[in-house]
Amino acid sequence: MDSSGSSENVESRVHELNIKEEEDMNIGEIKKEEELSVEQIFAKKEVPSWKKQLTIRAFVVSFVLSVMFSFIVMKLNLTVGIIPSLNVSAGLLGFFFVKTWTKLLERSGLLKQPFTRQENTVIQTCVVAASGIAFSGGFGSYLFAMSERVVKQSEKGQDGFEYKNPELGWIIGFLFVVSFLGLFSLVPLRKIMIIDFKLTYPSGTATAHLINSFHTPEGAKLAKKQVRELGKFFTFSFLWSFFQWFFTATDACGFQKFPTLGLKAFDYKFYFDFSATYVGVGMICPHIVNVSVLIGGILSWGIMWPLIETRKGHWYAADLDPDSMQGLKGYKVFIAIALILGDGLYNFTKVLSQTIAGLYNKIQDRKAMHLPVAECSSPVAKTLSYDDQRRTQLFVKDQIPTWLAIGGYVAIAAVSTATLPHIFHQLKWYHIIVIYIFAPVLAFCNAFGCGLTDWSLASAYGKLAIFTIGAWAGASHGGVLAGLAACGVMMNIVSTASDLMQDFKTGYMTLASPRSMFVSQVIGTAMGCVISPCVFWIFYKAFPDLGMESSEYPAPFASVYYSMAKLGVEGFSALPKECLKLCYAFFAAAILINIIRDALGKKRSWFIPLPMAMAIPFFLGSYFAIDMCIGSLILFIWQKKNKAGANAFAPAVASGLICGDGIWALPSSILALAGLKPPICMKFLSRATNNKVDTYLGS
């Protein structure tokens with residue numbers, strides 16, 4: 001699942017490192033029958049027409065799962081910003097719900113159409129498109145960064161700064177006018193990307209293997225067992241979150257404030273907070289991601305921040321508010337930004353160079369052949385395997401007219417250009433036109449690079465828009481808000497374009513029609529444009545301290561994005577006294593670490609941490625890193641004892657832990673909106689403080 005901000009880079013890295021494990025888990029059963037190719041196994045099953053692949057039950061199930069996953073993604077987005085791939089759980093639950101539905105209808109004699117892998121692909125596509133808006137919509141990054149809450153927290157003690165508070169109406173309107181452009185931008189090139197260039201799209205390929213495996217007899221049995229395990233841990237996680245709620249009368253109470261490593265360590269954010277979500281995330285993320293986050297926490301909260309605190313009065317004024325960006329918080333945020341930008345710039349350059357080299361090689365391979373347009377279809381080469389022949393034949397059968405793609409892009413761009421300046425008056429029509437001229441080219445680069453490496457650079461293009469449009473608008477004309485709004489426009493286009501190509505690859509490998517894929521993506525995106533803002537609105541209204549550093553939902557990347565926008569407009573004057581030198585050092589360190597990782601190669605670089613992952617705890621603390629490392633340790637021990645069982649069931653167990661705790665956010669929000677507060681405050685005090693409290697109460 002794609003979603004925005006620096007967390008998108010972490011998610012992409014998780015995909016890149018973990019894709020082989022996911023494929024091994026899901027296609028093991030199919031490989032037993034490798035003498036027969038995948039499509040020979042399904043040869044006797046009729047492929048339904050594209051209209052029959054789009055069923056009412058598929059979209060009902062998609063809607064239910066979209067609401068569920070939107071809550072999960074939103075919670076992760078507003079807490080730490082690390083969003084693991086939830087493709088396994090989306091695929092499992094989609095398969096389970098429709099399979100149960102069809103069995104009930106079959107017993108009653110009302111079943112008119114069996115459940116096919118094409119319909120399963122439609123559900124997967126719709127759910128990922130809808131829940132992806134919870135991520136790319138910027139609710140924990142660029143969009144919330146515009147709010148009064150974040151601006152006032154970043155500009156402590158100063159007035160006169162522009163902000164735009166979230167409102168349900170304009171958020172839904174904004175998402176509707178920017179989220180569909182990416183879907184139309186690359187449709188004419190789908191045959192070139194999937195068939196002619198044969199791009200891998202690892203996540204799309206792994207998802208296709210997952211769906212294909214579900215619909216074999218052995219794969220269906222395994223899926224049932226996986227769903228059973230997911231259900232067990234979903235129930236446990238939900239009930240555990242419900243139990244914890246009773247002890248959280250205030251933000252300083254409860255199991256999540258348990259000083260498991262001591263009170264001094266707790267003050268520096270080192271503790272285990274009993275979160276089932278982060279333990280589950282740790283089980284899904286590769287070990288190197290979890291360890292990198294922990295190393296970043298130790299480096300920042302264990303070493304750097306205590307040392308910088310000793311320079312209070314020299315490096316920053318001693319009387320500054322703790323939330324002032326000119327004080328210690330400024331060091332936390334801007335050094336993290338330096339790491340993020342250094343890592344992002346290196347990977348942007350690397351992937352862009354790979355994209356250009358790959359594109360050149362593909363074109364050279366085709367030599368004098370003309371690139372086909374969407375309506376053209378070249379004869380299938382005799383050298384193709386049976387699978388490729390079958391898949392190519394069906395992929396080119398249902399065409400999406402080029403005039404529809406170009407006309408759709410131009411029409412939506414025109415509406416968007418007229419609408420967006422009314423939502424953000426700082427963003428002018430000429431800013432938007434420039435973005436829309438360059439967006440298809442950048443979308444192509446991102447989709448091509450994603451097909452080669454599984455690495456989405458949508459957040460990098462978003463940051464590029466922040467700096468360019470923000471500087472163009474200028475500080476006196478609302479450059480900060482203009483840059484943030486431009487970031488949202490660019491990210492949505494580039495991100496949805498690469499998502500659509502991933503879905504086309506999945507559809508190609510499951511014989512789902514490109515038309516059904518496109519329609520499913522459009523419907524899923526429309527669902528997400530309504531569901532995600534509503535889910536965010538529940539969080540926003542239920543938790544008045546949302547976005548504050550001490551909140552249960554601190555939305556850390558909102559402050560980061562605001563600071564980036566301010567840096568782009570005001571330059572280095574926004575930094576505390578000695579911060580620039582440290583930023584240079586960490587920017588260079590991020591690039592150097594990546595060079596060392598690539599020089600050593602994948603087999604020998606397993607012990608080198610990831611700079612992007614290291615940056616996340618710089619302003620959040622290490623509590624979630626400890627949870628993630630515990631999840632990683634559980635998986636490591638499980639793999640040592642029973643590797644086959646761990647590979648088959650660990651993603652389902654992890655998904656259950658994440659989903660149960662994530663869904664608890666809905667009833668907890670309802671309880672908060674109703675004014676019902678937990679009855680107990682479980683709080684931990686030092687012996688000296690406890691004696692003072694006892695003396696006071698006893699007097």
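Is G675 buried or exposed in this structure? In the predicted model, G675 is exposed, with a relative accessible area of 51%. This glycine sits in the loop between α28 and α29. Its C-alpha atom is 9.1 Å from that of A542, although 133 residues separate G675 and A542 along the chain.

The loop between α28 and α29 also holds C681, one half of a disulfide. The partner of C681 is C253, and the S to S distance is 1.8 Å. The search of the whole structure finds 1 disulfide. C253 lies in the loop between α12 and α13 (263-267), and C681 follows α28 (643-673) and precedes α29 (687-698), so the bond ties together parts that are 428 residues apart in sequence. The torsion about the S-S bond is about -75°, so the disulfide is left-handed. The two cysteines have these accessibilities: C253 is buried, at 0% relative accessibility, and C681 is partly exposed, at 39%.

Two further cysteines were examined. C450 is in no disulfide, and the nearest cysteine sulfur, in C445, is 13 Å away. C450 is buried, with a relative accessible area of 3%. For C534, the closest cysteine sulfur belongs to C529. The distance is 11 Å, which is too far for a bond, because a disulfide needs the two sulfur atoms within 2.5 Å. C534 counts as partly exposed, at 31% relative accessibility.

Charged side chains were considered next. Side chains of opposite charge can pair when their charged atoms come close. The search of the whole structure finds 10 salt bridges. One of them joins D661 to K75, with the closest N and O atoms 3.2 Å apart. This pair links distant parts of the chain. D661 is in helix α28 and K75 is in helix α4 (residues 56-79), 586 residues apart. Both D661 and K75 are buried.

A salt bridge also forms between D196 and K191, where the closest N and O atoms are 3.3 Å apart. D196 counts as buried, at 17% relative accessibility, because the limit for a buried residue is under 20%. K191 is buried as well, with a relative accessible area of 5%.

In the pair R391 and D387, the closest N and O atoms are 3.9 Å apart. That distance counts as a salt bridge because the cut-off is within 4 Å. R391 and D387 both lie in helix α17 (residues 386-395). They are 4 residues apart, about one turn of the helix. Both R391 and D387 are buried. Salt bridges that share partners join E39, R117, D387 and R391 into one network.

The surface carries a patch of positive charge. K103, R107, K224, K225 and R228 gather there. Two helices, α5 (87-108) and α12 (217-245), each supply at least two residues of this patch. Helix α12 gives the most, with 3 residues. R228 is found in helix α12.

A nonpolar patch also lies on the surface. It is formed by W429, Y430, I433, V434, I437, F438 and W472, with about 720 Å² of accessible area together. Helix α19 (residues 429-453) gives the most to this patch, with 6 residues. V434 has its place in helix α19. At 31% relative accessibility, V434 counts as partly exposed. V434 can belong to the patch because patch residues need over 30% relative accessible area.

The backbone was examined last. Most residues other than glycine have a negative phi. Which value does phi take at F274? F274 has a positive phi of about 60°, although it is not a glycine. F274 lies in the loop between α13 and α14 (276-284). At 22% relative accessibility, F274 counts as partly exposed. L511 also has a positive phi, near 65°, and is a residue other than glycine. L511 is found in the loop between α21 (479-510) and α22 (514-542). L511 is buried, with a relative accessible area of 5%.

Key. Residues are numbered from 1 along each chain as its sequence is written. This is a predicted model: local features need pLDDT of at least 70, side-chain atom pairs count only at pLDDT 80 or more; totals for chains, interfaces and linings use all residues. Side-chain values use heavy atoms; hydrogens and water are left out. Patches are made of residues with over 30% relative accessible area and no salt bridge: like charges are joined within 9 Å, nonpolar side chains (Val, Leu, Ile, Met, Phe, Trp, Tyr) within 5 Å. Accessible areas come from the Shrake-Rupley method with a 1.4 Å probe; for residues, only the protein chains shown count as cover. A salt bridge is a side-chain nitrogen of Lys or Arg within 4 Å of a carboxyl oxygen of Asp or Glu. Lys and Arg count as positive and Asp and Glu as negative; His and the chain ends are not counted. The place of a charge is taken as NZ of Lys, CZ of Arg, CG of Asp or CD of Glu. Buried means under 20% relative accessible area, exposed over 50%, partly exposed in between (1.4 Å probe, protein chains only).
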